[in-house]
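Please open the structure in your viewer and set the side chains to be visible, since this tour moves from one charged pair to the next.

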Amino acid sequence: MSAEKKTFTVRVNAERCKACGYCKEMCPKQVYDFGEELNAAGYKYMAVVAMERCIGCRTCMMVCPDFATQVDDND
């Protein structure tokens, strides 16, 4: 019996993100890093750099004070 690896789609709402870095700090799989682009408020918002590593724990969603992160199942 083979088990398929579950995959997830990870997104950051650029306009909500204030680049606090909590998602980067708390993610057990290093899915996030600081981005290079600025949002309308002038923050270099967080970027998803390794979506394939996401295990769906949603820790990023729990720690984000601005509700800027989203993790969805791909089924």
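Begin by selecting K44 and E36, which form a salt bridge whose closest N and O atoms lie 3.9 Å apart. Keep in mind as you look that this is a predicted model. Within this pair, E36 is exposed, with a relative accessible area of 64%, whereas K44, at 41%, is partly exposed, because its value falls between the 20% and 50% cut-offs.

Next, select R11 together with D72, and you will find a salt bridge in which the closest N and O atoms are 2.4 Å apart. This pair links distant parts of the chain, since R11 sits in strand 1 and D72 sits in strand 4, with their positions 61 residues apart in the numbering. R11 has a relative accessible area of 43% and is partly exposed, and D72 also counts as partly exposed, at 25%.

Now move to D73, which forms a salt bridge with K6, the closest N and O atoms being 3.4 Å apart. Here too, distant parts of the chain are linked: D73 belongs to strand 4, which covers residues 69–73, while K6 lies in the segment before strand 1 (8–12), and the two are 67 residues apart. D73 is partly exposed at 34% relative accessibility, and K6 is partly exposed at 42%.

Keep K6 and D73 selected and add R58, for these three residues are linked in a network of salt bridges.

How many salt bridges does a search of the whole structure find? The search finds six, and the pairs K44 with E36, R11 with D72 and D73 with K6 are among them.

Definitions and conventions. Residues are numbered from 1 along each chain as its sequence is written. This is a predicted model: local features need pLDDT of at least 70, side-chain atom pairs count only at pLDDT 80 or more; totals for chains, interfaces and linings use all residues. Side-chain values use heavy atoms; hydrogens and water are left out. A salt bridge is a side-chain nitrogen of Lys or Arg within 4 Å of a carboxyl oxygen of Asp or Glu. Helices (H or I, at least four residues) and strands (E, at least two) are DSSP runs, numbered from the N terminus. Buried means under 20% relative accessible area, exposed over 50%, partly exposed in between (1.4 Å probe, protein chains only).
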